[in-house]
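Good morning, and thank you for coming. Please look at the sequence and the structure while I speak.

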Amino acid sequence: MPELPGTSAPDAAGIPGRVARGDDGYEAAVRDPLFNRLVPDGRPEAVFHPQNETDLVAIVNGARATGEKLALRSGGHSWVAASVRDGGLLVDLGAFDSVSINTAARTATVGPAVRGGHLGSALVAEGLAFPVGHCGTPGVGGFLLGGGLGLNWGEWLPSCFSIRSMRVVLASGEIVRASATENADLFWLARGSGPGFPGIVTEFELQLRPLPRDIRLSSWTFDLAHVDAVTEWACRAIRQLPASVEVSLVLQGPERPGGPATVGGDPDAPTHVVGIVAISYTDTEAEAGRAFAAFEEAGVPPVAVSTAPDEAGAPPAAVPAAPDESGRRTVPPGIHPVEHLDRLSVAFDELHVGVDATYPEGHRYLADTFWSPRDLADLLPRLAETLRAAPSGKSYILSAMPGHGAGRTLLPEGEAAYGMHDTSLVVPYVIWDDPAADELNREWLNRVAALLEPLSSGHFLSEADLRHNPGRVAGSFRAGDWARIQRLTEQFDPTGVFHRYPLA
């Protein structure tokens, strides 16, 4: 590979040397920052660790001259390993990890390598908040470029809508600022185009908001045998909740954190469960109580006719709740959770801890995403028996109804490349640690996808199965937006300096 100007070793200008194929530490430079041990076969020709924008401009100019394509890595948390491409150069942005907070203006300037958990802690110290990711370990660069489904996203919107501006190194080597009023097309493209974005963002200016002073978490865990009744109850409550409550539903197996197949887990707990987690972002305990009232008004999930499957192996059907004389639904004696937390007080910068536990280090991952116009009471029961057949007890299916069912109208239309939403989002995560089980786990994800694809209206780009299903890229955008993304990508990178989407 031709040498890039000034990059064979650190020089007086501070441009770092490259780690190339055959060098000591090359494989570690590619693999070690990645949280997913299932790494694609392709490898870049070299890995660069720039320390500043001057380094980046030199790398971009050199790549444009030699024809080498650039891939970028902010934190290495992309489960599809979007930064690992076959050929070209991998630019590791780990040095761009600064955080500067303007408390009076309620803004923060952050580098792409800043981890969500670190940003959350820095904001809490100033009494401020931002829809950081539910996981604490991803770098904000990839998270924000992909749209950013962060904390309280049903009320605060996906995180990319809270970006005020950004600095970008273009394929031409020019450094520009992009905002709603300056380089507006570039700004539109950056907010949602994910790993296909044709530029290097070196800093984001974020709009912050006051920190909710009383955050409460309630959760319910039920035996998966009652998934029909539980999801019907949950969806009924969800549609009555205020915007300040965020809810997720999850189907999990025996190796879930604290599950019966884990060290210290309850051996008498059900092997497979359906869980509900609700978080209220309010300022007082009284407000939190009022926010959770819809769950209390919904009572408990209606009891099923039988707790045993029928002869065909199907789960029991729920007895519908009948309206009383006033028109209110009455709830018969019901199914009770095997675990329940009631309005537990949680610090904003600790909300990621429980989520991080579901992504163990040193494991192999697959995932896919499905938007659907149907609600979760319709979707999740269809997946229960397939979850029981998962080859790994760590795998699970995460879901949500953003805007409590109003997902289609939640986003400001046309404001950003990120625009694909619907009533429900379902995300199967496949998690295992034995390389010999790779094909078995891929086959299981294919079975889940086969169930969901006929019910799906689109995908969420950052978690979609791009390498295995290239059509997921176009399916992650509104039709008109996808055409604009392709047009703007060619406009800002006409010679293809940057790799496009990580397809097979």
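**Helix packing and salt bridges**

Helix α7 packs against helix α11, residues 376-388, at an angle of about 160 degrees, and their axes are 8 Å apart. I should say at once that this is a predicted model. Two packed helices are described by the angle between their axes and the distance between the axes, so those two values are a suitable place to begin.

How do α7 and α11 run relative to each other, roughly parallel or roughly antiparallel? Angles over 145 degrees count as roughly antiparallel, and the angle here is about 160 degrees; α7 and α11 are therefore roughly antiparallel. The crossing of α7 past α11 is right-handed.

Which residues make this contact? From α7 come Val227, Asp228, Thr231, Glu232 and Cys235, and they meet Leu376, Ala377, Leu380, Pro381 and Ala384 of α11. By class, the residues of the contact of α7 with α11 are seven nonpolar, one polar and two charged.

Let us now follow α11 to another partner. α11 and α12 pack with their axes 10 Å apart, at an angle of about 170 degrees. This pair, too, is therefore roughly antiparallel: α11 to α12. α11 passes α12 in a right-handed crossing. On the α11 side, the contact is made by Arg382, Leu383, Thr386 and Leu387; on the α12 side, by Trp444, Val448, Leu451 and Leu452. Here the residues divide into six nonpolar, one polar and one charged.

I turn next to the salt bridges. How many does a search of the whole structure find? The number is 26, and I shall discuss several of them.

The first example returns us to Glu232, one of the α7 residues that meet α11. The side chain of Glu232 forms a salt bridge with that of Arg236, at 3.3 Å from N to O. Where do these two residues lie along the chain? Both belong to helix α7, residues 227-238, and they are four residues apart, which means that about one helical turn separates them. Glu232 is partly exposed, at 26% relative accessible area, whereas Arg236 is buried, at 15%.

The second example is Asp368 with Arg472, whose closest N and O atoms are 2.8 Å apart. Asp368 is in the loop between β16 (364-367) and β17 (370-372), and Arg472 is in the loop between α12 (438-452) and α13 (479-492), so this salt bridge ties together parts that are 104 residues apart in sequence. Are these residues buried or exposed? Asp368 and Arg472 are both buried.

A third salt bridge joins Asp378 to Arg374, with the closest N and O atoms 2.9 Å apart. Asp378 counts as partly exposed at 25% relative accessibility, and Arg374 is likewise partly exposed, at 33%. Salt bridges may also be connected to one another: Asp214, Arg216 and Glu285 are linked in a network.

Finally, I ask you to find a single residue, Ser219, in strand β12, residues 214-223. Ser219 is buried, with a relative accessible area of 13%. What does Ser219 contact, leaving aside its neighbours within four places in sequence? Its contacts are Ile276, Val277, Glu339, His340 and Leu341.

That concludes my presentation, and I thank you for your attention.

Note on methods: Residues are numbered from 1 along each chain as its sequence is written. This is a predicted model: local features need pLDDT of at least 70, side-chain atom pairs count only at pLDDT 80 or more; totals for chains, interfaces and linings use all residues. Side-chain values use heavy atoms; hydrogens and water are left out. A salt bridge is a side-chain nitrogen of Lys or Arg within 4 Å of a carboxyl oxygen of Asp or Glu. Buried means under 20% relative accessible area, exposed over 50%, partly exposed in between (1.4 Å probe, protein chains only). Axes are lines fitted to C-alpha atoms, for helices over the stretch in contact, and angles run from 0 to 180 degrees between N-to-C directions. Angles under 35 degrees count as roughly parallel, over 145 as roughly antiparallel, 65 to 115 as roughly perpendicular and the rest as oblique. A crossing is left-handed if the near helix is turned anticlockwise from the far one by less than a right angle, and right-handed if clockwise. Contact means heavy atoms within 4.5 Å. Ala, Val, Leu, Ile, Met, Phe, Trp, Tyr, Cys and Pro count as nonpolar, Asp, Glu, Lys and Arg as charged, and the others, Gly among them, as polar.
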